[in-house]
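Trainee: Could you take me slowly through the cysteines of this protein, looking closely at how they are paired and where they sit?

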Amino acid sequence: MWWKIIILGISVVLAWRILGFVYFMGPHRTIHTHWPGPCRNLAPIRSGAEGIALSSLQGLAFISSGYKTADVTDERIKNSLARVFLFDFNKPDGDAKELELIGDVRLASPHGISLWEDKEGIQIFLVDHRLTEDTIEIEPPLSLRHTRTIYNPLFANLNDVIATGDSSFYVTNAASVRDGPLLTISFLLQLSTGSVVYYDGVTARQVAGNGKILNGITSSSDGRFIFVSYMVDEAIVVFRREGDGSLMRVQTISLSAILDNLFYDPATGDLLASCGIPIGFFTMITDYGHKAPSNLLRIRPLSGGRDNPFETYNIVELFADDGYLLSVSSSAALFQDKLLLGSVLEKAALCEIRYAND
(Lines give C-alpha, C1' and ligand atoms only; values in the text may rest on other atoms or scores of the structure.)
Protein backbone atom coordinates (compact mmCIF):
# COMPACT_ATOMS: atom_id res chain seq x y z
CA MET A 1 0.00 0.00 0.00
CA TRP A 2 2.66 2.50 1.05
CA TRP A 3 4.86 1.79 -1.95
CA LYS A 4 1.94 2.57 -4.26
CA ILE A 5 1.46 5.92 -2.55
CA ILE A 6 5.19 6.64 -2.84
CA ILE A 7 5.24 5.73 -6.55
CA LEU A 8 2.14 7.85 -7.16
CA GLY A 9 3.74 10.79 -5.34
CA ILE A 10 6.96 10.50 -7.35
CA SER A 11 4.96 10.23 -10.59
CA VAL A 12 2.98 13.37 -9.77
CA VAL A 13 6.16 15.32 -8.99
CA LEU A 14 7.85 14.14 -12.20
CA ALA A 15 4.78 14.96 -14.28
CA TRP A 16 4.59 18.43 -12.69
CA ARG A 17 8.27 19.07 -13.43
CA ILE A 18 7.95 17.91 -17.03
CA LEU A 19 4.87 20.08 -17.55
CA GLY A 20 6.87 22.97 -16.10
CA PHE A 21 9.64 22.29 -18.63
CA VAL A 22 7.13 22.28 -21.51
CA TYR A 23 5.77 25.62 -20.27
CA PHE A 24 9.33 26.97 -20.00
CA MET A 25 10.05 26.01 -23.63
CA GLY A 26 7.31 28.45 -24.61
CA PRO A 27 5.19 26.82 -27.35
CA HIS A 28 2.30 29.00 -26.16
CA ARG A 29 4.18 32.30 -26.48
CA THR A 30 3.67 34.72 -29.37
CA ILE A 31 5.77 37.78 -30.20
CA HIS A 32 4.61 40.41 -32.70
CA THR A 33 7.08 42.69 -34.44
CA HIS A 34 7.56 46.27 -33.34
CA TRP A 35 10.77 48.25 -33.54
CA PRO A 36 11.70 51.48 -31.73
CA GLY A 37 12.76 53.04 -35.06
CA PRO A 38 14.61 52.10 -38.24
CA CYS A 39 16.61 48.86 -37.89
CA ARG A 40 19.13 46.99 -40.02
CA ASN A 41 21.25 43.89 -39.75
CA LEU A 42 24.86 44.54 -38.82
CA ALA A 43 27.33 43.09 -41.33
CA PRO A 44 29.37 40.92 -41.41
CA ILE A 45 28.00 39.05 -38.36
CA ARG A 46 26.25 35.85 -39.43
CA SER A 47 27.20 33.28 -36.74
CA GLY A 48 25.71 34.88 -33.65
CA ALA A 49 26.37 37.81 -31.37
CA GLU A 50 25.73 35.96 -28.13
CA GLY A 51 27.34 38.53 -25.87
CA ILE A 52 27.89 42.28 -26.14
CA ALA A 53 30.09 44.36 -23.83
CA LEU A 54 30.07 48.15 -24.10
CA SER A 55 32.73 50.71 -23.37
CA SER A 56 30.41 53.62 -22.60
CA LEU A 57 33.37 55.99 -22.37
CA GLN A 58 34.49 55.29 -25.92
CA GLY A 59 31.26 54.14 -27.54
CA LEU A 60 32.78 50.80 -28.54
CA ALA A 61 30.93 47.47 -28.42
CA PHE A 62 32.77 44.14 -28.27
CA ILE A 63 30.74 41.20 -29.57
CA SER A 64 31.33 37.46 -29.03
CA SER A 65 30.38 35.30 -32.00
CA GLY A 66 30.50 31.61 -32.91
CA TYR A 67 28.91 30.08 -29.82
CA LYS A 68 28.07 26.38 -30.28
CA THR A 69 26.41 23.92 -27.93
CA ALA A 70 27.37 20.24 -27.67
CA ASP A 71 24.04 19.14 -29.13
CA VAL A 72 24.25 21.20 -32.32
CA THR A 73 23.53 19.04 -35.38
CA ASP A 74 23.26 21.60 -38.19
CA GLU A 75 26.61 21.67 -40.00
CA ARG A 76 26.36 25.41 -40.68
CA ILE A 77 26.50 26.06 -36.94
CA LYS A 78 29.10 23.37 -36.24
CA ASN A 79 31.46 24.94 -38.77
CA SER A 80 31.02 28.55 -37.61
CA LEU A 81 34.21 30.26 -36.50
CA ALA A 82 34.81 31.62 -33.00
CA ARG A 83 35.31 35.37 -33.31
CA VAL A 84 35.18 38.69 -31.50
CA PHE A 85 33.84 41.72 -33.38
CA LEU A 86 34.15 45.43 -32.65
CA PHE A 87 31.42 47.95 -33.46
CA ASP A 88 31.98 51.69 -33.15
CA PHE A 89 28.78 53.50 -32.14
CA ASN A 90 30.45 56.75 -33.19
CA LYS A 91 30.22 55.49 -36.78
CA PRO A 92 26.63 54.20 -36.80
CA ASP A 93 26.52 53.69 -40.56
CA GLY A 94 29.54 51.40 -40.48
CA ASP A 95 29.88 47.64 -40.10
CA ALA A 96 31.37 45.53 -37.33
CA LYS A 97 35.07 44.71 -37.57
CA GLU A 98 36.55 41.33 -36.70
CA LEU A 99 39.40 41.49 -34.20
CA GLU A 100 42.44 39.33 -34.72
CA LEU A 101 43.39 36.95 -31.91
CA ILE A 102 47.17 36.91 -31.49
CA GLY A 103 48.92 34.11 -29.60
CA ASP A 104 48.78 30.36 -29.16
CA VAL A 105 45.31 30.15 -27.67
CA ARG A 106 42.35 29.90 -30.05
CA LEU A 107 38.79 30.44 -28.91
CA ALA A 108 36.57 27.37 -29.17
CA SER A 109 33.04 28.56 -28.42
CA PRO A 110 32.85 32.10 -26.98
CA HIS A 111 29.81 32.89 -24.85
CA GLY A 112 29.49 35.68 -22.26
CA ILE A 113 31.71 38.77 -22.51
CA SER A 114 32.60 41.65 -20.20
CA LEU A 115 35.00 44.61 -20.05
CA TRP A 116 37.13 46.12 -17.33
CA GLU A 117 38.21 49.72 -17.89
CA ASP A 118 40.70 51.69 -15.82
CA LYS A 119 43.56 54.13 -16.39
CA GLU A 120 45.63 51.26 -17.81
CA GLY A 121 43.09 50.68 -20.57
CA ILE A 122 40.52 47.98 -21.37
CA GLN A 123 40.59 44.25 -20.77
CA ILE A 124 38.12 41.79 -22.29
CA PHE A 125 36.82 38.87 -20.24
CA LEU A 126 35.38 36.01 -22.30
CA VAL A 127 33.60 32.81 -21.36
CA ASP A 128 34.94 30.06 -23.63
CA HIS A 129 33.64 26.50 -23.88
CA ARG A 130 36.59 24.25 -24.64
CA LEU A 131 36.27 20.57 -25.46
CA THR A 132 36.55 19.40 -21.85
CA GLU A 133 36.24 22.51 -19.70
CA ASP A 134 34.86 26.03 -19.42
CA THR A 135 37.34 28.88 -18.95
CA ILE A 136 37.60 32.64 -18.69
CA GLU A 137 39.93 34.16 -21.26
CA ILE A 138 41.36 37.62 -20.56
CA GLU A 139 42.57 39.69 -23.52
CA PRO A 140 43.41 43.30 -24.24
CA PRO A 141 41.18 44.75 -26.97
CA LEU A 142 41.84 45.63 -30.59
CA SER A 143 44.61 43.05 -31.13
CA LEU A 144 43.21 40.43 -28.72
CA ARG A 145 46.71 39.36 -27.72
CA HIS A 146 45.95 36.53 -25.29
CA THR A 147 46.96 37.31 -21.71
CA ARG A 148 45.50 34.75 -19.32
CA THR A 149 43.34 31.65 -19.13
CA ILE A 150 41.55 31.12 -15.82
CA TYR A 151 40.04 27.78 -14.89
CA ASN A 152 38.52 26.58 -11.64
CA PRO A 153 36.55 23.40 -10.83
CA LEU A 154 33.64 25.62 -9.77
CA PHE A 155 33.32 26.71 -13.42
CA ALA A 156 30.83 23.92 -14.04
CA ASN A 157 28.67 25.19 -16.91
CA LEU A 158 29.56 28.82 -17.50
CA ASN A 159 27.17 31.19 -19.18
CA ASP A 160 28.09 34.82 -18.54
CA VAL A 161 30.74 36.94 -16.81
CA ILE A 162 30.95 40.42 -15.30
CA ALA A 163 34.39 41.85 -14.53
CA THR A 164 34.92 43.66 -11.20
CA GLY A 165 38.66 44.30 -11.50
CA ASP A 166 41.60 43.53 -13.75
CA SER A 167 41.67 39.97 -12.38
CA SER A 168 38.36 39.54 -10.53
CA PHE A 169 34.90 38.69 -11.80
CA TYR A 170 31.57 36.97 -11.19
CA VAL A 171 30.33 34.17 -13.45
CA THR A 172 27.03 32.35 -13.74
CA ASN A 173 26.70 28.58 -14.00
CA ALA A 174 23.57 27.46 -15.82
CA ALA A 175 23.83 24.10 -14.05
CA SER A 176 26.25 22.07 -11.93
CA VAL A 177 27.19 19.71 -14.78
CA ARG A 178 28.54 20.57 -18.21
CA ASP A 179 26.90 18.08 -20.57
CA GLY A 180 25.60 14.54 -20.94
CA PRO A 181 22.50 12.86 -19.51
CA LEU A 182 22.84 14.55 -16.11
CA LEU A 183 22.54 17.96 -17.75
CA THR A 184 19.49 16.81 -19.71
CA ILE A 185 17.87 15.55 -16.50
CA SER A 186 18.76 18.78 -14.70
CA PHE A 187 17.09 20.90 -17.38
CA LEU A 188 14.13 18.58 -17.93
CA LEU A 189 13.28 18.44 -14.22
CA GLN A 190 14.28 22.08 -13.70
CA LEU A 191 16.60 21.26 -10.82
CA SER A 192 18.02 24.16 -8.83
CA THR A 193 21.67 23.54 -9.69
CA GLY A 194 22.64 26.93 -11.15
CA SER A 195 24.99 29.21 -9.24
CA VAL A 196 26.99 32.44 -9.16
CA VAL A 197 30.74 32.09 -8.55
CA TYR A 198 33.10 34.89 -7.53
CA TYR A 199 36.78 34.79 -8.52
CA ASP A 200 38.85 37.29 -6.54
CA GLY A 201 42.01 37.00 -8.62
CA VAL A 202 43.36 34.02 -6.68
CA THR A 203 40.56 31.71 -5.62
CA ALA A 204 36.93 31.08 -6.52
CA ARG A 205 33.92 30.45 -4.31
CA GLN A 206 30.18 30.11 -4.79
CA VAL A 207 28.30 33.21 -3.62
CA ALA A 208 24.76 32.33 -4.76
CA GLY A 209 23.17 28.98 -5.50
CA ASN A 210 19.99 26.98 -5.89
CA GLY A 211 19.04 28.66 -9.16
CA LYS A 212 17.21 27.13 -12.10
CA ILE A 213 19.28 27.84 -15.22
CA LEU A 214 21.12 31.04 -14.33
CA ASN A 215 21.99 33.08 -17.39
CA GLY A 216 23.09 36.71 -17.82
CA ILE A 217 24.88 38.76 -15.18
CA THR A 218 25.78 42.45 -15.00
CA SER A 219 26.48 45.14 -12.42
CA SER A 220 25.54 48.72 -11.65
CA SER A 221 28.00 51.42 -12.66
CA ASP A 222 29.29 51.81 -9.11
CA GLY A 223 29.65 48.04 -8.67
CA ARG A 224 27.37 47.96 -5.60
CA PHE A 225 24.70 45.78 -7.19
CA ILE A 226 24.87 42.59 -9.22
CA PHE A 227 21.93 41.60 -11.43
CA VAL A 228 21.36 37.98 -12.46
CA SER A 229 18.77 36.54 -14.86
CA TYR A 230 17.00 33.44 -13.55
CA MET A 231 15.57 31.90 -16.71
CA VAL A 232 13.07 29.40 -15.31
CA ASP A 233 11.83 31.83 -12.66
CA GLU A 234 11.42 34.48 -15.41
CA ALA A 235 12.98 37.08 -13.15
CA ILE A 236 16.00 39.26 -12.46
CA VAL A 237 17.43 38.85 -8.97
CA VAL A 238 19.13 41.93 -7.53
CA PHE A 239 22.08 41.33 -5.18
CA ARG A 240 24.01 43.82 -3.09
CA ARG A 241 27.74 43.23 -3.27
CA GLU A 242 29.54 43.05 0.07
CA GLY A 243 33.15 44.06 0.72
CA ASP A 244 34.47 40.50 0.47
CA GLY A 245 32.60 39.78 -2.76
CA SER A 246 29.70 37.98 -1.07
CA LEU A 247 26.23 38.69 -2.42
CA MET A 248 23.18 39.69 -0.37
CA ARG A 249 19.86 39.12 -2.11
CA VAL A 250 17.86 42.36 -2.16
CA GLN A 251 14.98 41.98 -4.59
CA THR A 252 13.38 39.88 -7.30
CA ILE A 253 12.03 41.62 -10.42
CA SER A 254 9.44 39.38 -12.08
CA LEU A 255 9.16 39.81 -15.84
CA SER A 256 7.09 36.85 -17.11
CA ALA A 257 9.64 36.35 -19.89
CA ILE A 258 12.50 33.95 -20.59
CA LEU A 259 15.63 36.01 -19.97
CA ASP A 260 19.07 35.80 -21.50
CA ASN A 261 21.73 38.48 -21.05
CA LEU A 262 21.34 41.78 -19.19
CA PHE A 263 22.65 45.27 -19.87
CA TYR A 264 22.90 48.09 -17.32
CA ASP A 265 22.66 51.54 -18.89
CA PRO A 266 25.09 53.83 -17.03
CA ALA A 267 23.37 56.93 -18.43
CA THR A 268 19.92 56.18 -16.97
CA GLY A 269 20.25 53.28 -14.51
CA ASP A 270 17.87 51.24 -16.68
CA LEU A 271 18.22 47.50 -17.15
CA LEU A 272 17.75 45.90 -20.56
CA ALA A 273 16.80 42.22 -20.63
CA SER A 274 17.14 40.22 -23.84
CA CYS A 275 14.43 37.59 -24.13
CA GLY A 276 13.38 34.79 -26.43
CA ILE A 277 11.49 31.52 -26.68
CA PRO A 278 13.61 28.46 -25.81
CA ILE A 279 11.83 26.12 -28.23
CA GLY A 280 12.97 28.42 -31.04
CA PHE A 281 16.61 28.05 -30.02
CA PHE A 282 16.42 24.27 -29.78
CA THR A 283 14.80 24.14 -33.22
CA MET A 284 17.55 26.31 -34.70
CA ILE A 285 20.41 24.06 -33.53
CA THR A 286 18.98 21.30 -35.73
CA ASP A 287 17.63 23.55 -38.51
CA TYR A 288 19.58 26.77 -38.94
CA GLY A 289 17.00 28.10 -41.39
CA HIS A 290 14.31 28.18 -38.71
CA LYS A 291 13.37 31.68 -37.50
CA ALA A 292 12.46 32.28 -33.88
CA PRO A 293 11.12 35.44 -32.20
CA SER A 294 13.10 37.96 -30.15
CA ASN A 295 12.22 40.73 -27.73
CA LEU A 296 13.90 43.19 -25.41
CA LEU A 297 12.51 44.56 -22.15
CA ARG A 298 13.55 47.80 -20.46
CA ILE A 299 13.22 47.95 -16.67
CA ARG A 300 13.36 51.56 -15.46
CA PRO A 301 13.68 52.38 -11.74
CA LEU A 302 11.08 54.88 -10.57
CA SER A 303 11.97 55.12 -6.91
CA GLY A 304 14.37 53.57 -4.46
CA GLY A 305 17.24 54.36 -2.20
CA ARG A 306 20.90 53.54 -2.08
CA ASP A 307 20.19 50.03 -0.79
CA ASN A 308 17.41 49.20 -3.25
CA PRO A 309 17.42 51.23 -6.48
CA PHE A 310 14.53 49.24 -8.03
CA GLU A 311 12.06 49.58 -5.17
CA THR A 312 9.48 50.59 -7.79
CA TYR A 313 9.93 50.33 -11.54
CA ASN A 314 8.12 50.08 -14.84
CA ILE A 315 8.65 47.62 -17.69
CA VAL A 316 8.46 48.50 -21.38
CA GLU A 317 8.96 46.19 -24.34
CA LEU A 318 11.52 48.23 -26.26
CA PHE A 319 11.94 45.88 -29.22
CA ALA A 320 10.21 42.80 -30.64
CA ASP A 321 10.71 40.86 -33.84
CA ASP A 322 9.17 37.73 -35.33
CA GLY A 323 12.61 36.33 -36.17
CA TYR A 324 13.36 37.66 -39.64
CA LEU A 325 15.51 40.59 -38.50
CA LEU A 326 16.75 38.96 -35.30
CA SER A 327 16.26 35.30 -34.40
CA VAL A 328 16.58 34.19 -30.74
CA SER A 329 17.86 37.41 -29.17
CA SER A 330 20.55 37.06 -26.52
CA SER A 331 22.16 40.46 -25.84
CA ALA A 332 21.82 44.21 -26.21
CA ALA A 333 23.72 47.43 -25.63
CA LEU A 334 22.47 51.00 -25.75
CA PHE A 335 24.59 54.02 -26.58
CA GLN A 336 22.83 57.39 -26.86
CA ASP A 337 19.96 56.75 -29.31
CA LYS A 338 21.43 53.62 -30.93
CA LEU A 339 20.47 50.11 -29.85
CA LEU A 340 22.66 47.12 -30.73
CA LEU A 341 21.05 43.68 -30.45
CA GLY A 342 22.64 40.25 -30.68
CA SER A 343 21.36 36.74 -31.28
CA VAL A 344 22.59 33.38 -30.05
CA LEU A 345 23.36 31.77 -33.41
CA GLU A 346 22.62 34.16 -36.26
CA LYS A 347 22.63 37.89 -37.04
CA ALA A 348 23.00 41.12 -35.09
CA ALA A 349 20.85 44.22 -35.55
CA LEU A 350 21.26 47.96 -35.05
CA CYS A 351 18.24 50.17 -34.36
CA GLU A 352 17.72 53.88 -33.97
CA ILE A 353 15.47 54.68 -31.01
CA ARG A 354 12.77 57.14 -32.04
CA TYR A 355 9.55 55.82 -30.54
CA ALA A 356 10.39 54.35 -27.12
CA ASN A 357 7.66 54.74 -24.51
CA ASP A 358 8.77 56.41 -21.27
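Mentor: In this predicted model, counting pairs of cysteine sulfur atoms within 2.5 Å as disulfides gives one disulfide. The partners are Cys 39 and Cys 351, whose sulfur atoms are 2.0 Å apart, and because the torsion about their S-S bond is about 110°, the disulfide is right-handed. To see what the bond connects, look at where each partner lies: Cys 39 belongs to strand β1, which covers residues 39–41, while Cys 351 belongs to strand β24, which covers residues 349–352, so the disulfide ties together parts that are 312 residues apart in sequence.

Next, consider how far each partner is covered, remembering that buried means under 20% relative accessible area. Cys 39 has a relative accessibility of 16% and therefore counts as buried, and Cys 351, with a relative accessible area of 1%, is buried as well. Another cysteine deserves a careful look here, since Cys 275 takes part in no disulfide. The cysteine sulfur nearest to Cys 275 is that of Cys 351, and it is 15 Å away, whereas the cut-off for a disulfide is 2.5 Å. Cys 275 has a relative accessibility of 1%, so this cysteine too counts as buried.

Taken together, then, the bond between Cys 39 and Cys 351 joins a residue of strand β1 to a residue of strand β24, while Cys 275 remains outside any disulfide.

Definitions and conventions. Residues numbered from 1 in each chain as written. Predicted model: local features only at pLDDT ≥ 70, side-chain atom pairs only at ≥ 80, totals over all residues. Heavy atoms only, no water. Helix = DSSP H or I, 4+ residues; strand = E, 2+ residues; numbered from the N terminus. Buried < 20%, exposed > 50% of the residue type's maximum accessible area, 1.4 Å probe, protein only.
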